[in-house]
Amino acid sequence: MSVRRIVTVVEEIHAEGGRELDRPARIAVVAAVIENPWAGQGFVEDLNPGIDAHASDLGALLAPAVLDALEAPAEAYGKAAIVGLDGEIEHGSALIHTLKFGDHFRKAANAATLLPAVEKRGPTGVVFDIPLKHITDATIRSHHQSFEVRISDAPHPNEIVVALAAAAQGRPQQRLAPLSTEQ
Amino acid sequence: MEHTDESIGLRKLVLYRDVVLTEAGEAPARPAWRASVAAVIRNPWVASGPSTDLSLEQARIAPVLAKLLTDRLIASLGGADEIESFGKAAIVGTAGEIEHAGALIHTPYFGNLVREFLQGESIICFADTRAEAGESLIIPLWHKTHAATRSHYQTISARVSDGPRADELVVIAAASTGPRPHPRIGDRMTDPVVTTETLEVVPS
């Protein structure tokens, strides 16, 4: 796997809605900028060999890194695959929509739910939003949130940005009634 | 002691860090970690007019920011000893003056302390602008003790997705642990003498 760059972004929110938080809210993202394994090969019918070659390695690289960056247990998580202009969104989906990729994060975070995802194709420097949901119960409304990311020189047309996101809590100042109150 | 967040009107901190593992297909001899840390704070001078004396708030807020930002930079890059180049920046929201950005980054209350905390000697290079939330700013970095070290001329881009609001300021400190990925444009020691007389073709 050819990794060009690894990017870490950590946000620490101290106040929201004009009120200080009891403790700062943290969200971390770690992204690997990699060469699209299927770049320059035309339409590749069977993506499985490429998935087998790269998906697990990517999960193993990113999962511990994003938890290190968060410096706290993860309560919500999500993932992203942003494909450069010469690739197919299917290439990004291939790398992240497999247990070979996601199980690294689920195990490291003691998580159980499906990882919500953004898959998108765009130019270098494209802005993308990673959705996050609770790691053990995707219906926990307080933890539905998203995180905006931009890497100034990625993805190049022949690259894919693969990223994991983790939050140490729900939304800052979350105060919606839980789903169960409406059922 | 007054709580830091309230005293400087801190809304959020954004850390960006990257490392280049391959560039133009080859691994750098010395992969450099680069980082920027941005603080989004309330602009203390909004709607105050150009005759306002900036010195009191500048002396109160800038040292707090210098400590906060350099602590995060040092932690994210493995220690002040690891840091080789540095830079600084500010983005002022649209209800402020560019002078407000300068007040927080261009005086000894910020610059001298950042230099001291990062164990540098050079003047710190900078960028500043007035912009809407989400604007990317390219921050120049140069060597912290020998500013003319050409291998260390580099930039890092910083951006806060929802800041600055019109009445906010973003203040940024940035650093790198090494040079550009494949530095090979010589240095002042290796440069030939270049003047209009030594060139065969002189631009006109």
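**Group meeting: how chains A and B meet**

Okay, let's start with one pair of residues: Val9(A) has Tyr16(B) as its bridge partner, and that tyrosine sits in strand S1 of chain B. Keep in mind that this is a predicted model. The scores are ipTM 0.94 and pTM 0.95. For chain B, the average pLDDT is 95, with 99% of the residues at 70 or above.

So, back to that strand pair. How many bridges join S1(A) to S1(B)? There are 9, and the two strands run antiparallel. Another pair you can pick out on screen is Glu11(A), whose bridge partner in S1(B) is Val14(B).

Now stay on S1(B), residues 10–20, and look across to the other neighbour. S1(B) is also joined by 9 bridges to strand S2 of chain B, residues 33–42, and that pairing is antiparallel too. There, Lys12(B) stands opposite Val40(B) of S2(B). So S1(B) has S1(A) as one partner and S2(B) as another. Is S1(B) mostly covered or mostly open? Mostly covered: 10 of its 11 residues are buried.

Let's zoom out to the whole contact between the chains. Chain A puts in 18 residues and chain B puts in 19. On chain A's side, the elements giving two or more residues are strand S1, 3–16, and strand S6, 145–150. Which of them gives the most? That's S1(A), with 13 residues. As for the chemistry, the side of chain A that touches chain B has 7 nonpolar residues, 7 charged and 4 polar.

Last stop, the core. The largest nonpolar core has 106 residues, and the members touching the most others are Val66(A), Val162(A) and Leu65(B). Which element supplies the largest share? Helix H2 of chain B, residues 55–77, with 10 residues in this core.

Take Val162(A) as a place to click. Leaving out anything up to four places away in sequence, Val162(A) touches three alanines, Ala31(A), Ala32(A) and Ala81(A). The leucines it touches are Leu58(A), Leu62(A) and Leu95(A), and then there are Ile34(A) and Ile96(A).

If you remember one picture, make it S1(B), with 9 bridges to S1(A) on one pairing and 9 to S2(B) on the other. Okay, that's me done.

Note on methods. Residues numbered from 1 in each chain as written. Chains lettered and ligands numbered in written order. Predicted model: local features only at pLDDT ≥ 70, side-chain atom pairs only at ≥ 80, totals over all residues. Contact = placed C-beta atoms within 7 Å. Helix = DSSP H or I, 4+ residues; strand = E, 2+ residues; numbered from the N terminus. Nonpolar A, V, L, I, M, F, W, Y, C, P; charged D, E, K, R; others polar. Pairing = 2+ DSSP bridges. Buried ≥ 20, exposed ≤ 12 C-beta atoms within 10 Å, placed from the backbone. pLDDT = per-residue confidence, 0-100. Core = buried A, V, L, I, M, F, W, Y, C linked by C-beta atoms within 7 Å.
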